[in-house]
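Trainee: Got a minute to go through this one with me?
Mentor: Sure. Put it up and ask away.

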Amino acid sequence: TEKGTQFLKEFLFGFAKAKENWSTRLISDHLIHDIKEKVQSGERVLCALSGGVDSTVVATLLTKALGRDRVKCVFVD
């Protein structure tokens, strides 16, 4: 809607009393740390890409966490 962003902000920070104490950098750092903990040293990962945003973000996070040599991305049409 025309005022959708304002509505969401009022709901989150007014009604729900949520705190704006996060950033995309903190989230990506946390996810990269989790990937490093879950994928054992020497293991490789196969990542299926659809061409959409979600799978592209996953491929990027995997590659940042493990390095190009440990991630194999395959496009799935």
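Trainee: What follows α3, and is its phi positive or negative?
Mentor: Gly67 comes right after α3, and its phi is positive, near 95°. Keep in mind that this is a predicted model.

Trainee: What about the helix itself, how far apart are its end C-alpha atoms?
Mentor: They are 20 Å apart. Helix α3 covers residues 53-66, so 14 residues at 1.5 Å a residue should span 20 Å, and the two values agree.

Trainee: Which residues of α3 are buried?
Mentor: Ser55, Ala59, Leu61, Leu62, Ala65 and Leu66. They sit on the same side of α3, because they cover an arc of only 165° around the axis.

Trainee: And what do those buried residues pack against?
Mentor: Three elements: α2 (24-38), β1 (45-49) and β2 (71-75).

Trainee: Which exposed residues are on the face turned away?
Mentor: Val53 and Lys64.

Trainee: New topic. How many aromatic pairs are there?
Mentor: The count is one. Phe11 and Phe15 make up that pair, and the rings are stacked. Their centres are 5.5 Å apart, with 25° between the planes. Under 30 degrees counts as stacked.

Trainee: Why would those two line up?
Mentor: Both are in helix α1 (residues 4-15), four residues apart, so about one helical turn separates them. An α-helix has 3.6 residues a turn, so residues three or four places apart point the same way.

Trainee: Is Phe15 buried or exposed?
Mentor: Phe15 is exposed, at 67% relative accessible area. Phe11 is partly exposed, with 40% relative accessibility.

Note on methods: Residues are numbered from 1 along each chain as its sequence is written. This is a predicted model: local features need pLDDT of at least 70, side-chain atom pairs count only at pLDDT 80 or more; totals for chains, interfaces and linings use all residues. Side-chain values use heavy atoms; hydrogens and water are left out. Rings of Phe, Tyr and Trp (its six-membered ring) pair if their centres lie within 6.5 Å; planes under 30 degrees apart count as stacked, over 60 as edge-to-face and the rest as tilted. Helices (H or I, at least four residues) and strands (E, at least two) are DSSP runs, numbered from the N terminus. Buried means under 20% relative accessible area, exposed over 50%, partly exposed in between (1.4 Å probe, protein chains only). The expected span of a helix is 1.5 Å times one less than its number of residues. The arc is that of the directions from the helix axis to the C-beta atoms. Contact means heavy atoms within 4.5 Å.
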